[in-house]
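Biologist: I would like to learn how to read a protein model step by step. Could you take me through one, giving the general idea before each case?

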Amino acid sequence: MLLTIDVGNTNTAIGFYDGDKLVFTARLSTDTKRTADQYAAELCSVAALGKVSMNGVSGAIISSVVPELTATLKKAVGITCGVSARVLGPGLRNGLNIRIDNPAQLGADLVAGAVAAIASYKLPCLVMDLGTATKISVIDADGVYRGCTISAGVAISLAALADSAAQLPTVDLDINVCPAYGTNTVSSMQAGIILGTASMLDGLCDRIEESLGQSIETVVSTGGLARDITKHCRRKNVYDPDLILRGLRIIYEKNA
């Protein structure tokens, strides 16, 4: 059994693989104040929830965009499984041809997502990752990682509105009811954020395709808010919630 962990700024995704089959997944809130023992207890609870034996875990790999938690999670894995987790970063083979100004600066989550996209979908491919930040990775017809866009995530945008405008409240996203424009403050904010983000994604995809000079074959969406937001996009996209975890499995196998 392989344990895969993707540490994001808001949530931490956990997946257990039996060979190439994803047996169970779970999400925890990312908290830099938790100790390795606390995370170890949560890993055990998650495994029990999925009826997975931690004694059966023979390997683990972690991707993290929260550096202060990387060592904590690695120690937690050691406590619960007795294995030394690999950490996605420099020195770990990933097979991805990265052509940006400084390849070492590319986030581990973007690396894992790109590796899985290349293995799973027709190229050229765009990977839209909607989490704390909204990111679009660009992978060309030869499987080369050419760059990405980064913008404020949906939750950040909503929080900024509520914090910066005295008369605008904190609102929840009512994804299922989203007209083109609102008739009250809350529905107006929801329409602006949800449809505004979807329109931004459509527009960026069009501009990326034009700049790349290649027709995009596949657009993949992943991340905590992807399913709800990207269904409002006009450009067809494939929702793949386990993309990054699958990329971690592929990278682990390259280094086994």
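**Reading a helix, a sheet and a core**

Modeller: In helix α4 (residues 154-164), the buried residues are V154, L158 and A162. Please keep in mind that this is a predicted model.

Biologist: How should I read such a set of buried positions, and where do they sit around the axis of α4?

Modeller: The general idea is that an α-helix has 3.6 residues a turn, so residues three or four places apart point the same way. In this case the buried residues cover an arc of only 65 degrees around the axis, which puts them on the same side of α4. On the other side of α4, D163 and S164 are exposed.

Biologist: Which elements cover the buried residues of α4?

Modeller: The cover includes β8, β9, α5 and α6 (226-230). Helix α5 (residues 185-212) itself lies across β7, β8, β9 (144-152) and β10, and runs at about 25 degrees to β8. A residue that helps to picture this region is T197, which is found in helix α5 and counts as buried at 11% relative accessibility. Leaving aside its neighbours within four places in sequence, T197 is in contact with L130, V154, G192 and I229.

Biologist: Turning to the sheet, in what order do its six strands lie?

Modeller: In general, strands of a sheet pair through backbone hydrogen bonds, either parallel or antiparallel. Here the six strands form an open sheet in the order β6-β9-β8-β7-β10-β11, and the pairing is mixed. The strands β6 (97-98) and β11 (238-239) stand at the edges with a single partner strand each, so one side of each is left without a neighbour in the sheet.

Biologist: How does β7 pair with β8 and with β10?

Modeller: Strand β7 and strand β8 (residues 133-139) run antiparallel and are joined by six bridges, and the two form a hairpin with two residues between them. Within this pair, L126 stands opposite V138 in β8. With strand β10 (residues 218-222), β7 pairs in the parallel sense over five bridges. There, V127 stands opposite V220, while the bridge partner of C125 is T218.

Biologist: Which way do the side chains of β7 point, and are they buried or exposed?

Modeller: In a regular strand the side chains alternate between the two faces of the sheet. In β7, C125, V127 and D129 point one way, L126, M128 and L130 point the other way, and all of them are buried. Because six of the six residues of strand β7 (residues 125-130) are buried, the strand is largely enclosed by the rest of the structure.

Biologist: How do I read a nonpolar core, and which residues touch the most other members of the largest one?

Modeller: As a general tendency, nonpolar side chains in soluble globular proteins are buried together. The largest nonpolar core of this model has 29 residues, and those touching the most other members are L88, L96, L106, V111, Y145 and I251. At least two residues of this core are supplied by each of β2 (11-18), α3 (108-120), β7 and α7 (243-255), and the largest share, eight residues, comes from α3. A second core, separate from this one, has 26 residues and includes Y39, L69, A76 and V83.

Biologist: What does I251 touch beyond its neighbours within four places in sequence?

Modeller: The contacts of I251 are I61, L88, L92, R93, N94, V111, A112 and V115.

Biologist: Finally, how many disulfides are there, and why is there no bond between C44 and C81?

Modeller: A disulfide is a covalent bond between the sulfur atoms of two cysteines. To judge a pair, the two sulfur atoms must lie within 2.5 Å, and by this rule the count comes to zero disulfides. For C44, the closest cysteine sulfur is that of C81 at 7.6 Å, which is too far for a bond. Likewise, the sulfur of C233 is 7.2 Å from its closest cysteine sulfur, in C205, and this too is too far for a bond. As for their surroundings, C44 counts as partly exposed at 36% relative accessibility, whereas C233 is buried, with a relative accessible area of 12%.

Conventions:
Residues numbered from 1 in each chain as written. Predicted model: local features only at pLDDT ≥ 70, side-chain atom pairs only at ≥ 80, totals over all residues. Heavy atoms only, no water. Buried < 20%, exposed > 50% of the residue type's maximum accessible area, 1.4 Å probe, protein only. Helix = DSSP H or I, 4+ residues; strand = E, 2+ residues; numbered from the N terminus. Pairing = 2+ DSSP bridges. Core = buried A, V, L, I, M, F, W, Y, C linked by side-chain atoms within 4.5 Å. Contact = heavy atoms within 4.5 Å. Axes fitted to C-alpha atoms, helices over the stretch in contact; angles between N-to-C directions. Arc of directions from axis to C-beta.
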